[in-house]
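Reader: Before we get into labels, let me look at the thing. Then I'd like to ask where a few of the terms come from.

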Amino acid sequence: MTPAGGTTVQDHVALAEIELCGELIIAASTANEERLSQDRIDEVLMGLGL
C-alpha cells in the first residue's frame, strides 16, 4: 500500500544486500571452479567497498 503522500520508502540496507548477492552470483557464474574461493569472495566484497 502506498502512503497517502505518494512517496515510497526504500530500505537502503536491503538494496545493498541485493547488490551484494547479485555481484556474488555474477562472480560465481563466471568462475572456472565449482565454488568461489574465500579470496575471490573477498575480492568481490572489496570491489563493493565492504
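Author: Start with the helix pair, bearing in mind that this is a predicted model. Leu20, Glu23, Leu24 and Ala27 in α1 meet Arg40, Ile41, Val44 and Leu45 in α2. By class, that contact has 6 nonpolar, no polar and 2 charged residues.

Reader: What makes α1 oblique to α2?

Author: The axes of α1 (residues 12-30) and α2 (residues 38-47) come within 10 Å and cross at roughly 135 degrees. Roughly perpendicular covers 65 to 115 degrees and roughly antiparallel needs over 145, with the rest above 35 counted as oblique. That makes α1 oblique to α2. The crossing is right-handed, too.

Reader: Why is α2 said to lie largely in the open?

Author: Buried means under 20% relative accessible area. Of the 10 residues of α2, the number buried is 1, so the helix lies largely in the open.

Reader: How do you know whether Ala27 is buried or exposed?

Author: Ala27, in helix α1, has a relative accessible area of 4%. The cut-off for buried is under 20%, so Ala27 is buried. Leaving out residues up to four places away in sequence, Ala27 touches Leu36, Arg40 and Val44. Ala27 and Ile41 are 14 residues apart in sequence, with their C-alpha atoms 8.3 Å apart.

Reader: And what makes Arg40 count as partly exposed?

Author: Its relative accessibility is 28%. Partly exposed runs between the 20% limit for buried and the 50% limit for exposed, so Arg40 counts as partly exposed.

Reader: Why is the pairing of Arg40 and Glu43 called a salt bridge?

Author: The N to O distance between their side chains is 2.8 Å. A salt bridge needs a side-chain nitrogen of Lys or Arg within 4 Å of a carboxyl oxygen of Asp or Glu, so the pair qualifies. The structure holds 1 salt bridge. Arg40 and Glu43 are 3 residues apart in helix α2, which means about one helical turn separates them.

Reader: What about Leu48: how do you know its exposure class?

Author: Leu48 sits in the segment after α2. Its 27% relative accessibility falls between 20% and 50%, so Leu48 counts as partly exposed. Beyond its neighbours within four places in sequence, Leu48 is in contact with Glu19, Leu20 and Glu23. Leu48 and Leu20 are 28 residues apart in sequence and 7.6 Å apart, C-alpha to C-alpha.

Reader: Which residue just after α2 takes a positive phi?

Author: That's Gly49, with a phi of about 80 degrees.

Key. Residues are numbered from 1 along each chain as its sequence is written. This is a predicted model: local features need pLDDT of at least 70, side-chain atom pairs count only at pLDDT 80 or more; totals for chains, interfaces and linings use all residues. Side-chain values use heavy atoms; hydrogens and water are left out. Axes are lines fitted to C-alpha atoms, for helices over the stretch in contact, and angles run from 0 to 180 degrees between N-to-C directions. Helices (H or I, at least four residues) and strands (E, at least two) are DSSP runs, numbered from the N terminus. A crossing is left-handed if the near helix is turned anticlockwise from the far one by less than a right angle, and right-handed if clockwise. Contact means heavy atoms within 4.5 Å. Ala, Val, Leu, Ile, Met, Phe, Trp, Tyr, Cys and Pro count as nonpolar, Asp, Glu, Lys and Arg as charged, and the others, Gly among them, as polar. Buried means under 20% relative accessible area, exposed over 50%, partly exposed in between (1.4 Å probe, protein chains only).
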